[in-house]
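Please open the structure in your viewer and keep the selection tool at hand, since this tour goes from one selection to the next and says what is to be found at each stop.

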Amino acid sequence: LARAERTVAIPVEVKTPAGLKKPFVLKLAGGGAEAARGEWVSDGRAQMNVTLAWKTPAAGRHVMVLAAESAEDSLPGNNAVTFAVDTVAKPPELFLLGACPDWDTAYLKQAATRLGLNFTQVFTEGKPPKRGGFGGAVPNSAEQWARSQAVILRGPPFAGLADKDVEDLCRYVVDGGNTLVIMSGPGPGYQQVFAARFGWPAPASGFSGPLRLGPAARYYPFLKLGPDGAQSARLFAAMGGSERAFRVPAQHVILVESGQGEPVCSLGFYGRGRVLIWGLDGLYRMREFEHADRMNRLLDAMLGDWVTPLPAPGTDVPGMFYPALPPAHVPALLIVPKAGATNVVVEGVEAPVALQAGMSNTLARVVAARAAVTGRGDGKSVSAVTADNPGMERLAPECDEAFLKRLARDADGRYAWAPDAVDVLKSVQPRTYRTASADLYPLGRSPYVLILLVVLATVHWVFRKLSGMAI
């Protein structure tokens, strides 16, 4: 998430040859044109951190490719990173409504400050709050709620909450395409208030213990902590768990779960918007043992995702993909937000999927191929570009046959399918790298050894004779 038409600095971590100074070029491209470039010379370390200046394009969603080029690189196609960025004309609005401030709300405020968001907090302290569209008040209509791209509800419902407020927030999600975040906790809360509207079951009691990322969520860009999904899951698990966690409805995607597989944080899509139920309480426990920077990075990415609308404002499309940049060969979501989108078909996937018509919100898990994924319906279409590893260099070359063939050719090797690999290995003659030989020299058969023994014995006798110790 970035401001439109502003110059921003992109931090880039480049793997460079250790002990060598090599020139390289970083190129940022998007929309078929080069957006930025920079030239450096490696300093001999195995890793080099540089900053690339880039003037962001107009407001909208853009898929960018950052590539590193070097004259002596034998595999330049593997030095590229694909990522999606949403540029906005003005800072997004984030609204938090709670009973009283605590450490968790402080962490959210710090993350919003780092992202440059307009963050409004209203704490009721158990009293009826002021209502209206002015500062320090709780919105009183769907239009006033719509001024914020994301609304966070924490603690017990505020005094004076009416059915109209619940209906306004439902319209805020379903029709407005915004994000509603419900921070679940002990006792009655907003989760129970919206349960009947969204079809959620009654919550269970809380628990404590280590947490882990959900199987599908570990590949989502806003939960990426490491170079791939498995590493992100390991780094998240290393942070342990919050002070308390609460079981939440599974909805459509489980983002965080307990060690027993109980959903702790989940994501659901309703109409044009989404609802995230957050069952973590006491995040300070996950910041201990030098994990603060990792937790800050995670909160920054999540808040940036919350304030990013799923469909572009004012557009009428048959569906929308989530994530916006679906990872290739990983289950993704195609969301059909309204009943009028009929005959929606997903193209460009490994297994074609036809979605049901007449559903207000249909989700289909599709496995994206290494190409553009397109959903068509009613003469309209929506597209999403897939990437092997969004935001990181491609680390799954086993899915790219062309890359493997080129690697084998450049290494003067041979490419073969796994079932044929055994026969191919039998036919390959090993290359001679170094030779060694062993020769036997018996010391007892050498005349030089016998002469040396006689000389040593003579010298020894002479010294003993001179000292009067020999006959």
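Which residue in S17 stands opposite Leu267? Select Leu267 together with S17, and you will find that the residue facing Leu267 is Leu276. Before going further, please keep in mind that this is a predicted model.

**The strands around the first stop**

Widen the selection to strand S16, residues 263-270, where 8 of the 8 residues are buried, so that the strand is mostly covered. Strand S17, residues 273-278, is joined to S16 by 6 bridges, and the two strands run antiparallel. Follow the chain from S16 to S17 and you pass through a hairpin with 2 residues between the strands, where Gly271 in the turn has a positive phi of about 65°.

Now turn to the other partner to be shown here, S15, which pairs with S16 in the antiparallel sense over 4 bridges. Select Val253 and look across to S16, where its bridge partner is Leu267, the residue that also stands opposite Leu276 in S17. S15 and S16 likewise form a hairpin, with 4 residues between them, and Gly261 in this turn has a positive phi of about 85°. As background for what you see at such places, strands of a sheet pair through backbone hydrogen bonds, either parallel or antiparallel.

**Val256 and its surroundings**

Select Val256 next, which is found in strand S15, residues 253-258. Is Val256 buried or exposed? Val256 has a relative accessible area of 6% and counts as buried, because the cut-off for buried is under 20%. Leaving aside residues up to four places away in sequence, Val256 touches several residues, among them Leu211, Leu213, Phe236, Pro263 and Cys265. If you would like to draw a distance, join the C-alpha atoms of Val256 and Ala216, which are separated by 10.0 Å although the two residues lie 40 residues apart along the chain.

Cys265, one of the residues touched by Val256, is buried as well, with a relative accessible area of 0%. Another cysteine to select is Cys170, which at 9% relative accessibility also counts as buried. A search of the whole structure for disulfides finds 0.

**The cavity**

Where is empty space enclosed, and which residues line the largest cavity? Select Leu223, Phe236, Val256, Trp278, Leu280, Met295, Leu298 and Met302, and you will have its lining in view. The count comes to 1 cavity of 30 Å³ or more, and about 50 Å³ of space lies in the largest cavity. The lining divides into 8 nonpolar residues, no polar and no charged ones. Helix H6, residues 292-306, gives the largest share of this lining, with 3 residues.

While helix H6 is selected, pick out Arg294, which is found in that helix. Arg294 is buried, with a relative accessible area of 19%, and, not counting residues up to four places away in sequence, Arg294 touches Leu225, Leu235, Ala238 and Met239.

**Two open sheets**

Move on to an open sheet of 3 strands, whose order is S12-S14-S18 and whose pairing is antiparallel. Its edge strands are S12 (206-207) and S18 (280-281), each of which pairs on one side only. Between S14, residues 244-246, and S18 the antiparallel pairing runs over 2 bridges, and if you select Arg244 you will find it opposite Asp281 in S18.

The next selection is an open sheet of 5 strands, with the order S1-S7-S6-S3-S4 and mixed pairing. Strand S1 (2-3) and strand S4 (33-41) stand at the edges of this sheet, and because each has a single partner strand, one side of each is left without a neighbour in the sheet. S1 pairs with strand S7, residues 80-88, in the parallel sense over 2 bridges, and the bridge partner of Arg3 in S7 is Val88.

**Stepping back**

Finally, clear the selection and look at the chain as a whole, whose secondary structure comes to 9 helices and 25 strands. Of the 471 residues in the chain, 42% are buried. Among contacts in the chain between residues at least 6 apart in sequence, 65% join residues at least 24 apart.

Terms used. Residues numbered from 1 in each chain as written. Predicted model: local features only at pLDDT ≥ 70, side-chain atom pairs only at ≥ 80, totals over all residues. Heavy atoms only, no water. Pairing = 2+ DSSP bridges. 1 Å grid on protein atoms, 1.4 Å probe; cavity = no way out; pocket = protein on both sides within 12 Å on 5 of 7 lines; lining within 4 Å. Points joined across faces, edges and corners; volume = space filled by probe spheres on them. Nonpolar A, V, L, I, M, F, W, Y, C, P; charged D, E, K, R; others polar. Disulfide = S-S within 2.5 Å. Buried < 20%, exposed > 50% of the residue type's maximum accessible area, 1.4 Å probe, protein only. Contact = heavy atoms within 4.5 Å.
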